[in-house]
Amino acid sequence: APSPAPPTAQPQAVAEVQRARVASTPKVDIQTMDAANTREFEELDLDKDGVLSQSELFDGMRQRGWHEGELQGLFERLDANKDGKISLDEYLSGMSEAETEAQARKAKDMQEAAEKWWSDREATPEWRDGRDARYRAGMVHLGMQRHENIKALKEQWDSAAHEGDCAEQELAPMMVVPFSAFKEFGRLPRSSDRITVPFTEVGVDGHIVFCSHNWKRGDKVQCMNNGHVWEQSAHPDDEMATKHQLMCESLQWLAKEKGWGVGKLFIWLDFCGIEQDVFERKTAGIKSLRGYVAVCDAVLVPYPEPPAEGAMTVAELKTYGERGWTRLEAMAAYVMGLLKGQETPEVWVAWVERGSMRCRQFDYSLDEEHLPSGCSKEHLKDELDREELRKHQQTLLGEMKGYVKRRGYATKHGNWVNCVAFHPRNADVLASAGQDGVIKLVKHSTGATLREISLAGREVLSIAFNRDSSLLASGNSRGEVVLWNVETGERKGTLRGHSRAVSCV
């Protein structure tokens with residue numbers, strides 16, 4: 001994550017990757033784009049006379065991020081019959097191409113500015129001499145003495161001290177935003193706003209919150225479908241800065257809950273923490289995600305609506321739990337929590353309900369159905385990202401397997417363990433229970449808890465799966481045999497008749 005050197009990918013290789021990305025990116029249906037542009041035309045047509053005047057176009061496009069110097073040329077281009085006004089047909093036939101060209105010019109200018117900014121920064125003695133400091137800071141914030149528990153993550157931070165490794169791994173330095181600067185900025189900052197600071201400025205007594213979220217305006221069609229204003233480029237928030245407001249309020253609440261001073265609070269956010277305007281650096285930032293999550297104290301998910309009633313895991317959050325990259329971020333937080341001995345990962349979900357901010361901790365369920373690389377195609381921005389997700393995923397699973405082998409047990413209960421049963425169809429899954437009144441379904445190879453069923457302190461003496469593994473039976477100290485749905489943890493029924501404890505089922 002904290003590579004001090006720029007990526008060294010060869011221009012030809014980078015060009016091949018870019019071409020592959022373009023070839024694999026789903027093309028937006030023309031009818032879909034026309035529908036979005038039609039809605040935009042109707043919003044711009046303030047007097048509802050069916051055509052756009054020059055002032056209507058200029059006023060509307062200023063709000064959408066167009067520069068003053070571009071407006072006259074845009075009007076002349078769209079006004080194909082030169083009658084001084086723009087019809088819907090003229091708008092539809094010319095707008096997509098005009099936007100593409102404007103975005104290309106803007107992207108080129110921003111890339112050049114970003115490359116100069118990084119070049120100037122990396123030329124300073126402070127940056128060149130800061131490799132060791134970045135490495136030490138990474139080790140401190142991993143928060144563990146037994147670094148062998150996180151070998152792959154440690155190697156990622158080690159690369160900051162070894163320039164050769166850094167160039168080979170193509171990792172990116174971690175950049176964070178002080179909470180005070182984040183709040184004062186008034187909206188979600190972008191990398192081009194340059195308000196981030198190097199990770200080393202966090203200090204040993206600072207705290208970092210990783211923001212994991214879905215973007216509200218990923219492309220023009222999504223933006224218009226959701227009723228937002230398209231401002232020429234993708235943006236994670238709406239035009240009202242709703243997400244920024246929710247984050248500020250929930251971050252202050254979380255800091256108070258944890259006893260952290262907001263003066264020592266920092267935020268990592270992809271929009272500013274990953275360079276958005278240089279392809280190689282953006283790729284390096286994506287490859288570094290695992291390391292970024294590793295050193296954060298908590299993960300915050302600003303969610304756009306109240307979660308479904310009874311939702312307990314991030315997998316149950318619609319859209320968030322479906323998307324590949326957010327799945328990965330939640331998985332990384334879970335794995336790091338496991339390695340640190342946390343009962344529940346520090347994943348906090350914030351939302352607004354009836355005008356008030358709500359925030360609570362959510363769990364993570366590690367199962368085959370919700371692995372990051374297994375997300376459906378429509379929840380992956382680029383199909384080429386699937387392999388990158390798989391690499392991160394396999395590393396994290398490898399860490400968990402290694403951790404289980406080193407500690408010598410698959411899971412731990414709060415008191416004596418009375419019974420264990422292996423899943424009849426998946427030899428890697430077992431159920432365990434005991435005096436603490438909790439039934440656990442775990443993967444013994446990784447130590448991942450798939451499900452916990454609490455019996456409110458009633459001691460469990462025996463458990464068994466049925467043949468097709470759909471049900472789990474438990475015998476307790478009150479003479480009851482309780483049947484459970486293995487998939488959901490739902491209680492399916494209770495069999496009574498014994499006068500004493502049920503010691504076997």
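Author: Two strands pair if DSSP finds at least two bridges between them; strands themselves are DSSP runs of E with at least two residues, and helices are runs of H or I with at least four, numbered from the N terminus. By that rule, this predicted model has an open sheet of seven strands with mixed pairing, in the order β4-β3-β6-β5-β7-β8-β9.

Reader: What makes β4 and β9 the edge strands?

Author: β4 (197-198) and β9 (356-362) each pair on one side only. Further in, β7 (residues 298-302) and β8 (residues 347-353) share four bridges in the parallel sense, with valine 299 partnered by valine 347 of β8.

Reader: How do you know that β12 and β13 pair?

Author: Six bridges join β12 (residues 438-443) to β13 (residues 448-454), against the at least two needed, so they pair, in the antiparallel sense. Valine 438 stands opposite serine 454 in β13. The two strands form a hairpin with four residues between them, and glycine 447 in the turn has a positive phi of about 80°.

Reader: Ground rules, please?

Author: Residues are numbered from 1 along each chain as its sequence is written, and side-chain values use heavy atoms, leaving out hydrogens and water. Local features need pLDDT of at least 70 and side-chain atom pairs count only at pLDDT 80 or more, while totals for chains, interfaces and linings use all residues.

Reader: OK, helices. Why is α3 called oblique to α4?

Author: The axes of α3 (residues 54-63) and α4 (residues 68-78), lines fitted to C-alpha atoms over the stretch in contact, come within 10 Å and cross at roughly 135°. That makes α3 oblique to α4 (under 35 degrees is roughly parallel, over 145 roughly antiparallel, 65 to 115 roughly perpendicular, the rest oblique). Residues in contact (heavy atoms within 4.5 Å) include Leu57, Phe58 and Met61 of α3 and Leu71, Leu74 and Phe75 of α4.

Reader: And why is the pair of tryptophan 253 and tryptophan 348 called edge-to-face?

Author: Rings pair if their centres lie within 6.5 Å, using the six-membered ring for Trp; planes under 30 degrees apart are stacked, over 60 edge-to-face, the rest tilted. Nine aromatic pairs come out of that rule. In this one the centres are 5.8 Å apart and the planes stand at 65°, so edge-to-face it is.

Reader: Which parts does that pair tie together?

Author: Tryptophan 253 sits in helix α12 (residues 242-258) and tryptophan 348 in strand β8, so the pair ties together parts that are 95 residues apart in sequence.

Key:
Axes fitted to C-alpha atoms, helices over the stretch in contact; angles between N-to-C directions.
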